[in-house]
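Me: I'd like to get better at reading sheets and aromatic pairs in a model. Can you walk me through one?

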Amino acid sequence: MLLAVAWITATADDEKASIKFEEQTYDFGVIKEDGGPVSHEFKFTNTGETPLVIISVTASCGCTKPSYPVKPIAAGKSGVVKVTYLPQGRPGEFSKQVTVKTNDKRNRRLKLRITGNVIPAKK
């Protein structure tokens, strides 16, 4: 009986949603303060067996704006979390974190990071 319960539990875990990002960090390199916002798309795939739900995506500050799919991602399908950085008024190096909360039991909260160096606007 215990063996059957253990097998069912293990099988059920294998059939859950599973998120896999192609990358979790991105370096914009050198950007201009007066060059306008810059964006990067973090591509992911649902490598699980059930629909993946992105519950929320939150940035570490107001200078970073994430966007993400609100509809479930079917098993085997892909999507993107787009992260936009607003360099205006923020010269110097930056490193910002975005937290992705999902229904993936193994990866409930994933961290994405963007970095770069903002060159001050000429006065």
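Reply: Let's take the sheet, then the rings, keeping in mind that this is a predicted model.

Me: Sure. How do the strands of a sheet pair?

Reply: In general, strands of a sheet pair through backbone hydrogen bonds, either parallel or antiparallel. Here, four strands make an open sheet, ordered β1-β3-β6-β5, with antiparallel pairing.

Me: Which strands are at the edges?

Reply: Those are β1 (19–21) and β5 (64–67), each of which pairs on one side only. Going from one strand to the next, the twist averages 25 degrees.

Me: And over how many bridges do β3 and β6 pair?

Reply: Eight bridges, in the antiparallel sense, between β3 (residues 38–46) and β6 (residues 78–85). To get your bearings, find Thr45: it stands opposite Ser78 in β6.

Me: Now the rings. How many aromatic pairs are there?

Reply: The structure has four. Take Tyr26 and Phe28: their ring centres are 5.0 Å apart and the planes sit at 80 degrees, so you'd call this pair edge-to-face; the cut-off for that is over 60.

Me: Is Phe28 buried or exposed?

Reply: Phe28 is buried, at 14% relative accessible area, while Tyr26 is partly exposed, at 29%.

Me: What about Tyr85 and Phe94: stacked or edge-to-face?

Reply: Stacked, because the planes are at 10 degrees, with the ring centres 3.9 Å apart. Both Tyr85 and Phe94 are buried.

Me: Which residues do ring pairs link into a cluster?

Reply: Tyr26, Phe28, Tyr85 and Phe94 are linked that way.

Note on methods:
Residues are numbered from 1 along each chain as its sequence is written. This is a predicted model: local features need pLDDT of at least 70, side-chain atom pairs count only at pLDDT 80 or more; totals for chains, interfaces and linings use all residues. Side-chain values use heavy atoms; hydrogens and water are left out. Rings of Phe, Tyr and Trp (its six-membered ring) pair if their centres lie within 6.5 Å; planes under 30 degrees apart count as stacked, over 60 as edge-to-face and the rest as tilted. Buried means under 20% relative accessible area, exposed over 50%, partly exposed in between (1.4 Å probe, protein chains only). Two strands pair if DSSP finds at least two bridges between them. Helices (H or I, at least four residues) and strands (E, at least two) are DSSP runs, numbered from the N terminus. Axes are lines fitted to C-alpha atoms, for helices over the stretch in contact, and angles run from 0 to 180 degrees between N-to-C directions.
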